Amino acid sequence: MQYGYRSGTNSLYTNAKGLTMDNITRRDNQLAYITDEKVIKQAKETRKKLQIFNNTDWSDFDKLKILASKILGKSENPSITPPFYCDYGFNIEVGKNFYANAFCTILDVAKVKIGDNCLLGPNVSIYTAGHPIHPIARNSSYEYGKVITIGDNVWIGGNSTICPGVKIGNNVVIGAGSVVTKDVPDWTVAAGNPCKVLRIITDDDKRKLYKNEEIDDEAWKNICLSFNL
């Protein structure tokens, strides 16, 4: 979201010449829109919630989960380590067992849909928001948002950025520091800038811990019991 709205300077919007939808409707339909007073009013309400969340005792996990649920549009007992930043919150939908580490930023101009059992490392940024490439269009104050979808069982490494319109499949690992500009298919490890698929995840990876190191026998036994392996 561009917060540089200049009241009274944008005659195109002020006079509503040729416009049939307000800017909230345009935004929600993934069309070009301007951040006007009505849009900012929604963002202000979210900022109030974020202010409370980010200033809550970080050791009070139960309270943080309750506050996070009030920020997000759809969630089930989410875990988020402060500080956390977003534009609206109501455009963010997460599944079961969602965890976001510190300094997560989600620009939810458009919907952000995240499945079950997803983990976000520190400083992960998810951006549905974008601006026109040409300076004339960009300087008009018009911007846009494009939906981002992330499947089940996805781990996104720290300092990664997910760009507008991207779809990440199920059972995916995104390496730390990646910039994801294109869709990522199911069951893959992908990394880099721009992010590219490195390999397929197979059953041979079940017991892998770190590089060639395997999960120890005691922990593996517990995993097998938990998942009936």
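# Asp-108, a three-strand sheet and two cysteines

Visitor: Leaving aside neighbours within four places in sequence, which residues is Asp-108 in contact with?
Guide: This is a predicted model, in which local features need pLDDT of at least 70, side-chain atom pairs count only at pLDDT 80 or more, and totals for chains, interfaces and linings use all residues. Residues are numbered from 1 along each chain as its sequence is written, and side-chain values use heavy atoms, without hydrogens or water. With those neighbours left out, Asp-108 is in contact (heavy atoms within 4.5 Å) with Cys-86, Asp-87, Tyr-88, Gly-89, Phe-90, Asn-91, Ile-92 and Thr-128.

Visitor: How far from Asp-108 is the nearest side chain of opposite charge?
Guide: Asp-108 sits in the loop between strand 7 (104-107) and strand 8 (112-114); strands (E, at least two residues) are DSSP runs numbered from the N terminus. Asp-108 is buried, meaning under 20% relative accessible area, where exposed is over 50% and partly exposed in between (1.4 Å probe, protein chains only). Asp-108 has no salt bridge, that is, no side-chain nitrogen of Lys or Arg within 4 Å of a carboxyl oxygen of Asp or Glu. With Lys and Arg counted as positive and Asp and Glu as negative, the nearest side chain of opposite charge is that of Lys-111, at 8.2 Å.

Visitor: Which residue of strand 12 does Ile-34 stand opposite?
Guide: An open sheet of 3 strands runs in the order 1-12-11, with antiparallel pairing. Strand 1 (33-34) and strand 11 (129-130) each have a single partner strand, so one side of each lacks a neighbour in the sheet. Strand 1 and strand 12 (residues 142-145) pair over 2 bridges, where DSSP must find at least two for a pair. Across from Ile-34, in strand 12, stands Tyr-142.

Visitor: How far is the nearest cysteine sulfur from that of Cys-163?
Guide: The structure holds 0 disulfides, a disulfide being a pair of cysteine sulfur atoms within 2.5 Å. Cys-104 is in none, since the nearest cysteine sulfur, that of Cys-86, is 8.9 Å away. Cys-104 is buried, at 1% relative accessible area, and Cys-163 is buried too, at 18%. For Cys-163, also in no disulfide, the nearest cysteine sulfur is that of Cys-195, at 10 Å.

Visitor: How far apart in space are Pro-185 and Gly-169, C-alpha to C-alpha?
Guide: Pro-185 lies in the loop between strand 18 (179-180) and strand 19 (188-191), and is partly exposed at 43% relative accessible area. Beyond its neighbours within four places in sequence, Pro-185 is in contact with Gly-169, Val-172 and Val-197. Pro-185 and Gly-169 are 16 residues apart in sequence, and their C-alpha distance is 5.0 Å.

Terms used
Helices (H or I, at least four residues) and strands (E, at least two) are DSSP runs, numbered from the N terminus.
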